[in-house]
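Visitor: Could you take me through one part of this model in close detail? I would like to see how a single charged site fits into its surroundings.

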Amino acid sequence: ALRGRIYLPATELARWGVGVEEILAHRYSPRFRSLAKSVAGRARHFYTPARGILPEVGRLVMLVAALMCFVYSRLLPQLC
């Protein structure tokens, strides 16, 4: 939001009744918190199994994916 961008699905924004303008204005309502928890929960659901399926062979190729998974999973608590 600090850069004028929002990386949340439009369908989720609509589902929780959160407007883009609210986020860009840094107005984090209870609706936004519910949206954030929903998106974070879905991400956690995919991060855990993803770690387990990274191939042993060629792990260097998957280094970026592994790093992204690590970083983003650490950022999730800050979202909610």
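Guide: Here is a walk that starts at one salt-bridge network and moves outward from there. Please keep in mind that this is a predicted model.

Let us begin with Glu 12, which is found in helix 1, residues 10–16. Is Glu 12 buried or exposed? Its relative accessibility is 9%, and because buried means under 20%, Glu 12 counts as buried. If we set aside residues up to four places away in sequence, Glu 12 touches Leu 35, Ser 38, Val 39 and Arg 42.

Now for its charged partners. Which residue of helix 1 pairs with Glu 12? The partner is Arg 15, and the closest N and O atoms of this salt bridge are 3.5 Å apart. Both residues lie in helix 1, with their positions 3 residues apart, or about one turn of the helix. That spacing fits a general rule: an α-helix has 3.6 residues a turn, so residues three or four places apart point the same way. The two ends of the pair have their own surroundings: Glu 12 is buried at 9%, whereas Arg 15 counts as exposed at 55% relative accessibility.

Glu 12 also has a salt bridge with Arg 42, where the closest N and O atoms are 3.7 Å apart. Here the pair links distant parts of the chain, with Arg 42 in helix 3 and Glu 12 in helix 1, 30 residues apart. Arg 42 counts as partly exposed, because its relative accessibility is 34%.

The structure holds 3 salt bridges. One of them joins the side chains of Arg 31 and Glu 22, at 3.1 Å from N to O. In that pair, Arg 31 is partly exposed, with a relative accessible area of 37%, and Glu 22 is buried, with a relative accessible area of 9%. Salt bridges that share partners, meanwhile, join Glu 12, Arg 15 and Arg 42 into one network.

Let us stay beside that network and look at Ser 38, which is found in helix 3. At 18% relative accessibility, Ser 38 falls under the 20% cut-off and therefore counts as buried. Which residues does Ser 38 contact, leaving aside its neighbours within four places in sequence? They are Glu 12, Arg 15 and Trp 16. For Trp 16, the C-alpha atom is separated from that of Ser 38 by 9.5 Å, and the two residues are 22 residues apart along the chain.

That brings us to helix 3 itself, which runs over residues 30–53. How does its span compare with what its 24 residues should give at 1.5 Å a residue? The expected span is 34 Å and the end C-alpha atoms are 36 Å apart, which agrees. The buried residues of helix 3 are Phe 32, Leu 35, Ala 36, Ser 38, Val 39, Ala 40, Ala 43 and Tyr 47. Two of the contacts of Glu 12, Leu 35 and Val 39, also belong to the largest nonpolar core.

What makes up that core? It has 8 residues: Leu 8, Leu 13, Val 18, Ile 23, Phe 32, Leu 35, Ala 36 and Val 39. Helix 3 gives the most to this core, with 4 residues. Apart from it lies another core, of 5 residues, among them Ala 40, Ala 43, Tyr 47 and Leu 76. As a general matter, nonpolar side chains in soluble globular proteins tend to be buried together.

From Ala 43 we can step across to Phe 70: their C-alpha atoms are separated by 12 Å, with the residues 27 apart along the chain. Phe 70 is found in helix 4 and counts as partly exposed, at 46% relative accessibility. On the surface, Phe 70 belongs to a nonpolar patch with Val 64, Met 68, Val 71, Tyr 72 and Leu 75, and together they have about 560 Å² of accessible area. Leu 75 lies in helix 4, residues 63–79, and is partly exposed at 39%.

One last stop is the loop between helix 2 (20–24) and helix 3, where His 26 is found. His 26 has a positive phi of about 60° although it is not a glycine. For context, most residues other than glycine have a negative phi. His 26 is partly exposed, with a relative accessible area of 39%.

How values were computed:
Residues are numbered from 1 along each chain as its sequence is written. This is a predicted model: local features need pLDDT of at least 70, side-chain atom pairs count only at pLDDT 80 or more; totals for chains, interfaces and linings use all residues. Side-chain values use heavy atoms; hydrogens and water are left out. Helices (H or I, at least four residues) and strands (E, at least two) are DSSP runs, numbered from the N terminus. Buried means under 20% relative accessible area, exposed over 50%, partly exposed in between (1.4 Å probe, protein chains only). Contact means heavy atoms within 4.5 Å. Patches are made of residues with over 30% relative accessible area and no salt bridge: like charges are joined within 9 Å, nonpolar side chains (Val, Leu, Ile, Met, Phe, Trp, Tyr) within 5 Å. Accessible areas come from the Shrake-Rupley method with a 1.4 Å probe; for residues, only the protein chains shown count as cover. A salt bridge is a side-chain nitrogen of Lys or Arg within 4 Å of a carboxyl oxygen of Asp or Glu. The expected span of a helix is 1.5 Å times one less than its number of residues. A nonpolar core is a set of buried Ala, Val, Leu, Ile, Met, Phe, Trp, Tyr and Cys residues joined through side-chain atoms within 4.5 Å.
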